[in-house]
Amino acid sequence: MSEDVLLTEEQDSVCILTLNRPEVMNAFNFELLHALKNKIESIRFSTEIRVVIITGAGEKAFSAGADLKERQTLSDIQVKEFIYTIGNLFTAIETLNKPVIAAINGIALGGGTELALASDLRIASMNSSMGLTETRLAIIPGGGGTQRLPRLIGRGKAKELIFTGRRVGAEEALQIGLVNQICEQEVLMDECKKMAAMICEAGPIAIEQAKFAINFGMETDIHTGLGIESNAYRVTIPTEDRLEGLAAFREKRKPVYKGK
Ligand code: COA
C-alpha cells in the first residue's frame, strides 16, 4: 500500500516524507513514484505545511534510484512511462510552492541524486555517497540530472561526474557545491529541522515568491529575470504579512505571519 512505501510526519508546519523501501535502498518503483506524486500534489494546496523534508528510511540509503529489479520486468513502453513519471514528479518538487530540503542520509545514486537536485536545499550526512551512475548501465539520467547537475555545479564538473559515473562522498559533495551542508548522521534530521524552522520564521508568501523568482529568473537573461523578480515582489506588497513585519519591527516583537 502507498502509505507503507512513503511515510509522512507533520510537526510544527514541517512535513517529513520518508521513502520507505529500505530493503532495496529506497529505490523508486512505480508504487513509490505514485505515492510521492500524490503527496506532493496535496502539499501544494496545504496552508498548514511550510517546508518539506525528504529523507530515506534506515541508515544506509537516501535512495539508490530506479528500482532495477522492477526495471527488468518492464517493457520498453513501461520504461518510457517510468521516465515520464519520475521526470514530472521531480519537476513538481522543484516547482512546489514550498521549500524542499533533501536530508541525504546515505547512498543517493541515479534518481536518488536527481531527487536531491530537484530539492531546493541539500544537507548530507558524512556517510553519504552521491552520483549519477546511469551511464554505467548504458542509459542516461532521466529525472532531470543532465540539466540540474550542470546548473548547480557547472557543466565541466557535471560532465565529469555523468561521463564517469563516479560517486562522491559528503566532503567532496560540499566542496563542489552539490550539497549546502554536511553533518554526522545522528544530527542530520536536527540540522534539517533547524533550517526548516528558520524558513518557517519568514513570511510564507515571501518564501514562495523568492523560490519562484530564483527558479524562473535563473533560466532566462538578467533583464527578464529582474522583471520576474519585480513582479514577484509586487505579490508581497498588498499582503497582511508585510504590514505585520513592519508592525513587529516597530513594536520590537517577533512577527506572526499568516500567509495572507
Ligand atoms: N534497485 C533495486 N534494488 C536495489 C537497488 C536498486 N537501484 N539498489 C540496491 N538494491 C538492493 C540490492 O539488490 C540488495 O537487495 P538483495 O539483498 O535482495 O540482493 C539490497 O538493495 C542491498 O544492496 P547491496 O547491493 O547488497 O548493498 P551494497 O551496500 O553492497 O551496495 C549499492 C549498494 C546501492 C551501491 C548497490 O546496490 C548498487 O550499485 N545499486 C544500484 C544503484 C544504481 O545504479 N542506481 C541507479 C539506477 S538508474
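How many salt bridges does the structure hold? The count comes to 13. Keep in mind that this is a predicted model. Below is a quick tour of some of those salt bridges, an open sheet with a helix lying across part of it, the surroundings of the ligand, and one buried serine.

**Salt bridges**

- Let's start with Glu219 and Arg151, which form a salt bridge whose closest N and O atoms are 2.9 Å apart. Glu219 sits in the loop between helix H10 (204–217) and helix H11 (222–236), while Arg151 belongs to helix H6 (residues 145–153), so this pair ties together parts that are 68 residues apart in sequence.
- How open are these two to the outside? Glu219 is partly exposed, with a relative accessible area of 49%. Arg151 has 51% relative accessibility, and because the cut-off for exposed is over 50%, Arg151 counts as exposed.
- Glu160 and Arg166 also meet through their side chains in a salt bridge, at 2.9 Å from N to O. Glu160 is partly exposed at 29% relative accessible area, and Arg166 is partly exposed too, at 30%.
- That pair has company: Glu160 and Arg166 belong to a network of salt bridges that also takes in Lys157 and Glu172.
- Another salt bridge joins the side chains of Glu251 and Arg253, with 2.7 Å from N to O. Glu251 is partly exposed, at 44% relative accessible area, and Arg253 is partly exposed, at 33%.

**The open sheet and its helix**

- Six strands make up an open sheet with mixed pairing, and their order is S1-S2-S3-S5-S7-S10.
- Which strands stand at the edges? They are strand S1 (6–11) and strand S10 (181–183). Each has a single partner strand, so one side of each is left without a neighbour in the sheet.
- On average, neighbouring strands of this sheet are turned by 20° against each other, with direction ignored.
- Further in, strand S3 (residues 51–56) and strand S5 (residues 100–104) run parallel and are joined by 3 bridges. Look for Ile53, whose bridge partner in S5 is Ile101.
- Helix H2 (residues 30–44) lies across S1, strand S2 (14–19) and S3. Against S2, helix H2 runs at about 175°.

**Around the ligand**

- Which residues come nearest to the ligand? Of the 15 residues around the ligand, those are Ala64, Ala66, Asp67, Leu68 and Lys69.
- Ala64 takes part through its backbone: one of its backbone N or O atoms lies 2.8 Å from a nitrogen atom of the ligand.
- Lys69 uses its side chain, where an N or O atom is 2.9 Å from an oxygen atom of the ligand.
- Glu23 is worth a look as well, since a polar backbone atom of Glu23 is 3.5 Å from an oxygen atom of the ligand.

**A serine to find**

- Ser129 is found in strand S8 (residues 129–131).
- Is Ser129 buried or exposed? With 14% relative accessibility, Ser129 counts as buried, because the buried label applies under 20%.
- What does Ser129 touch, leaving aside residues up to four places away in sequence? The list is Gly106, Ile107, Ala108, Leu109, Arg167 and Val168.

How values were computed:
Residues are numbered from 1 along each chain as its sequence is written. This is a predicted model: local features need pLDDT of at least 70, side-chain atom pairs count only at pLDDT 80 or more; totals for chains, interfaces and linings use all residues. Side-chain values use heavy atoms; hydrogens and water are left out. A salt bridge is a side-chain nitrogen of Lys or Arg within 4 Å of a carboxyl oxygen of Asp or Glu. Helices (H or I, at least four residues) and strands (E, at least two) are DSSP runs, numbered from the N terminus. Buried means under 20% relative accessible area, exposed over 50%, partly exposed in between (1.4 Å probe, protein chains only). Two strands pair if DSSP finds at least two bridges between them. Axes are lines fitted to C-alpha atoms, for helices over the stretch in contact, and angles run from 0 to 180 degrees between N-to-C directions. Contact means heavy atoms within 4.5 Å. A residue is near a molecule or strand if one of its heavy atoms lies within 4 Å of it. A polar contact is a pair of N or O atoms within 3.5 Å; within protein, one must be able to donate a hydrogen and the other to accept it, and residues adjacent in sequence count only if both atoms are side-chain atoms.
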